Amino acid sequence: MDYYLEDKLISAKRGKPFSAILFDLDDFKDINDTLGHSVGDIAIKKTAKILASASSKHEFLARYGGDEFLIITSKYEKQDIDEIVKRVYDAIDQFNKINDKFKLSISHGHYVYHKDLNLSRDQFIDVVDRNMYDNKINKKNSRV
């Protein structure tokens, strides 16, 4: 993922923008704590399969952290990003309708890297991560 992202940053500086979308499982610790780590492992694998099925062959998918996944795409228009995110959320909803052991919930954040943006790889990922965290907080606040 690091090498792929570095290549995308170089291409972006040459005028080929791209986007990164970070997905994070909500309340993953609760799955591990209440249902056990083996079920938590299944939740991670199911999430990876859902993200892979919702991604196109032109999008790069990687597990970024324990319960975080990153999609890197050459698409950068808001409607295109919204379409990718909608496919993921729809696939999560479909999974939740048929699974009775646990429910998945995710938050996401994204950012577009374009040639005028002068961020390092780590700075760029930090922005994407902050956007994901804002989404997670907004979802929690809307439940209260």
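What percentage of the 144 residues of the protein chain count as buried? The figure is 43%, where buried means under 20% relative accessible area, exposed over 50%, and partly exposed in between (1.4 Å probe, protein chains only).

This is a predicted model: local features need pLDDT of at least 70, side-chain atom pairs count only at pLDDT 80 or more, and totals for chains, interfaces and linings use all residues. Residues are numbered from 1 along each chain as its sequence is written, and side-chain values use heavy atoms, with hydrogens and water left out.

**Whole chain**

Show the C-alpha trace first. Along the principal axes, the C-alpha atoms fill a box of roughly 50 × 30 × 25 Å. The radius of gyration, taken over C-alpha atoms, is 16 Å; this agrees with the value near 15 Å for a compact globule of 144 residues. That globule rule is 2.2 Å times the number of residues to the power 0.38.

Colour by secondary structure. You should find 5 helices and 4 strands, in the order α-β-α-α-β-β-α-β-α from the N terminus. Helices (H or I, at least four residues) and strands (E, at least two) are DSSP runs, numbered from the N terminus.

Now turn on contacts, meaning heavy atoms within 4.5 Å. Of those between residues at least 6 apart in sequence, 67% join residues at least 24 apart.

Switch to the surface. Its accessible area is about 8,500 Å², and carbon and sulfur atoms hold 50% of that. The areas come from the Shrake-Rupley method with a 1.4 Å probe; for residues, only the protein chains shown count as cover.

**The hairpin**

Select residues 60–63 and 68–73. These are β2 and β3, antiparallel strands joined by 4 bridges. Two strands pair if DSSP finds at least two bridges between them. The hairpin connection from β2 to β3 takes 4 residues. Pick Ala62, then look across to β3: its bridge partner there is Leu70.

**The Asp27 loop**

Move to Asp27, in the loop between β1 (18–25) and α2 (28–35). Check the backbone: phi is near 55 degrees, a positive value in a residue other than glycine. Is Asp27 buried, partly exposed or exposed? Asp27 is partly exposed, because its relative accessible area is 35%.

**The Ser120 loop**

Finish at Ser120, in the loop between β4 (106–113) and α5 (121–143). Ser120 has a relative accessible area of 35%, so it is partly exposed. Add Leu9 to the selection. The two residues are 111 apart along the chain, yet their C-alpha atoms are separated by 8.3 Å.
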